[in-house]
Amino acid sequence: MEFKPVTAEILEQLSAAAPGRVFSGGDISADYSHDEMPIYGERMPEAVVQTLTTEEVAAVCKICYDDDIPIVPRGTGTGLCGGCVADQGGVIIDTSKMDKILGYDKDNFTVRVQAGVLLDTLAADCLAQGMLYPPDPGERFATVGGNVATNAGGMRAVKYGATRDYVRAMTVVLPSGEIIRLGGEVNKTSSGYSLIHLMAGSEGTLGIITELSMKLLPLPKQTVSLLGLFPDLDSAISCVPQVKLAGLDPQALEFMSRANVAEIQEFLGKEVYPAKCDGEDVGAYLLTTFEGAKPELMDEIMEQAAEVFLENGALDVLVFDTPEAIRTAWSFRGAALEAIQAKFQLIDECDVVVPIPNIPELVNYANSLEGEVGLAIRTSGHAGDGNVHMNVCANDMDKGEFLAKAEKFMELVYAKGWELGGLCSGEHGIGRAKVPYLAQFEGGVIMELMRGIKKVFDPKGLLNPGKVCG
Ligand SMILES: Cc1cc2nc3c(=O)[nH]c(=O)nc-3n(C[C@H](O)[C@H](O)[C@H](O)COP(=O)(O)OP(=O)(O)OC[C@H]3O[C@@H](n4cnc5c(N)ncnc54)[C@H](O)[C@@H]3O)c2cc1C
């Protein structure tokens, strides 16, 4: 399909559909040319439409579809694989102004939202209502629609699962402009193919999500966080399966190397995780949170968890047991990516997911490649669910040289991930950047099935072209 340009006439039609909220040429903010990983390529869209309702999204899609113009859905652009970039031109539909919480059904434990509501807003509002919105990806200023579109995971996925597991119903605009509603306010379904699960994680390639009904849970009564201080990454990572095998059911379980922590410390200007323990250097950290129904159970959980840490090589274990202390410990961890971004000019990343017992092998392998590829390597991530975030970084290097070295790293590390029974992305998605690697993991037959599905939803291939299955 040959895409058509956005003409003055199309701009007029778009303006009639979303009056005062259509931007073109020099009026488009440069933010729309990239997501949080500009390394994957930047391009300005021909137009941006900030929509407010499902009907406006449908009208914009119809105009573009009838005129063979690419359509790219966007939340707040916090993605990490170039997914919301209009790299083949066309119109970006910015859903971030569709930010209303539409209502709670407390008897049914659900909340209805517009897709552009921020995760931060929704999580805080649910707390104020005495309920938990369990998905907790690290970037709080992403939209919930973007979280569903990428099936975002985050810190609490180890216990609660990823965003997809919380979608009860959704309103979707197909690229042709047709509006459909998937799922329902029910607890389970066995009603044909699960299109709602297909839409979650489809990264804006099958339809544009405009409204969502999300499942909530009762608030956990008590929580406590523990920080294990380990001499090296190997011992920290080897402890991860042991915490799970002990039946401790952590709500979150993250690992960080000393290099990560030193960078966060420099970035935030404060030390939260100690560099030394009784004179010995700390090489790596495990941060974990546990929940309990009663205060008296918490001591038992803490003791048991500390015992597992110490038996598996921890030098010491720190306890954070007040809401303020827990927040401080976790916001420090939450600054990991920003700290890397502040220190390095050139960054590439991947988030391979492997079976939990294989985490140490993948992490050690990735770290061992530093000399071979000639780039700084930072590994951290959601250790409890096998999702390892690997960043390769450099300063003062020609971009072409960096990309060649980063590609070598990616080839090696994806091959290792595959050998260890892993999958291409645990939570960040495929976007544009990971398309060739997805094909390597999945093989030709599965890629053809994916392309077949894409064709059914989007026969003209206009919605977010080139992403996920290419
Ligand atoms: C500091 C930092 C920490 C992060 N931590 C995590 C983490 O812990 N876990 C995790 O999973 N991710 C994490 N991310 C990645 C990112 O926040 C998520 O991918 C998030 O879900 C993207 O949401 P967004 O609104 O920014 O979407 P965008 O970046 O705007 O878009 C992402 C993709 O979703 C599509 N899309 C967006 N909105 C819609 C819609 N309404 N309908 C259809 N398609 C749509 C886009 O086309 C694109 O393909 C992190 C990012 C940063 C910068």
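What radius of gyration would a compact globule have with 470 residues, and what does the protein chain have? Let's start there. For 470 residues, a compact globule would come out near 23 Å, and the protein chain has 23 Å, so the two agree. Before I go on, please keep in mind that this is a predicted model.

Some overall numbers, then. Along the principal axes, the C-alpha atoms fill a box of roughly 70 × 55 × 45 Å. The chain has 16 helices and 20 strands, and 48% of its 470 residues count as buried. If you take contacts between residues at least 6 apart in sequence, 74% of them join residues at least 24 apart.

Okay, the core. The largest nonpolar core has 129 residues, and the members that touch the most others are V60, V91, Y285 and L286. Helix α2, residues 54-66, gives this core its largest share, 8 residues. As background, nonpolar side chains in soluble globular proteins tend to be buried together.

Let's stay with Y285 for a second. What is Y285 in contact with, leaving aside its neighbours within four places in sequence? The list includes L227, G228, L229 and F230, then A236, and further along F255, M256, V261 and Y273.

Now the sheets. One open sheet has 7 strands, with antiparallel pairing, and its order is β17-β12-β16-β13-β19-β20-β18. At the edges sit β17, residues 316-320, and β18, residues 346-350, and each of them pairs on one side only. On average, neighbouring strands in this sheet are turned by 20° against each other, ignoring direction.

Inside that sheet, have a look at strand β13, residues 252-257, and strand β16, residues 284-292: they run antiparallel and are joined by 6 bridges. If you want a spot to find on screen, L253 stands opposite T288 in β16. Two helices pack on this sheet. Helix α9, residues 295-311, touches β12, β16 and β17, and its direction makes about 15° with that of β12. Helix α12, residues 359-368, touches β19 and β20, and here the angle with the direction of β19 is about 160°.

On to another sheet. This one is open too, with 5 strands in the order β5-β6-β10-β8-β9 and antiparallel pairing. Its edge strands are β5, residues 101-105, and β9, residues 179-183, each pairing on one side only. The twist averages 15° from one strand to the next.

Is β10 mostly covered or mostly open? Mostly covered: 7 of its 8 residues are buried. Strand β6, residues 110-114, runs antiparallel to β10 and is joined to it by 5 bridges, with Q114 partnered by E211. β8 also runs antiparallel to β10, with 6 bridges between them, and there A169 has S213 as its bridge partner. Going outward from β8, residues 167-173, you get 5 bridges to β9, again antiparallel, and T171 stands opposite R181.

There's one more set of strands I'd like to show you. Strand β1, residues 22-24, runs antiparallel to strand β2, residues 47-50, with 3 bridges, and V22 has V49 as its partner in β2. β2 is also joined to strand β4, residues 91-94, by 4 bridges, but this time the strands run parallel. In that pair, V48 is matched with I92.

Now the ligand. Which of the 39 residues around the ligand come nearest? They are G75, G79, G83, G146 and G204. As for where the shell comes from, β3, α4, β10 and α11 each supply at least two residues. The largest share, 5 residues, comes from α4. And yes, that's the β10 we just met in the 5-strand sheet.

Last stop, helix α11, residues 336-343. L337 lies in this helix. Why does L337 count as buried? The cut-off is 20 or more other C-beta atoms within 10 Å, and L337 has 20, so it is buried. One last pair to try on screen is L337 and E307: 30 residues apart in sequence, and 31 Å apart in space from C-alpha to C-alpha.

Terms used
Residues numbered from 1 in each chain as written. Predicted model: local features only at pLDDT ≥ 70, side-chain atom pairs only at ≥ 80, totals over all residues. Rg over C-alpha atoms; globule rule 2.2 N^0.38 Å. Buried ≥ 20, exposed ≤ 12 C-beta atoms within 10 Å, placed from the backbone. Contact = placed C-beta atoms within 7 Å. Core = buried A, V, L, I, M, F, W, Y, C linked by C-beta atoms within 7 Å. Pairing = 2+ DSSP bridges. Axes fitted to C-alpha atoms, helices over the stretch in contact; angles between N-to-C directions. Near = placed C-beta within 6 Å.
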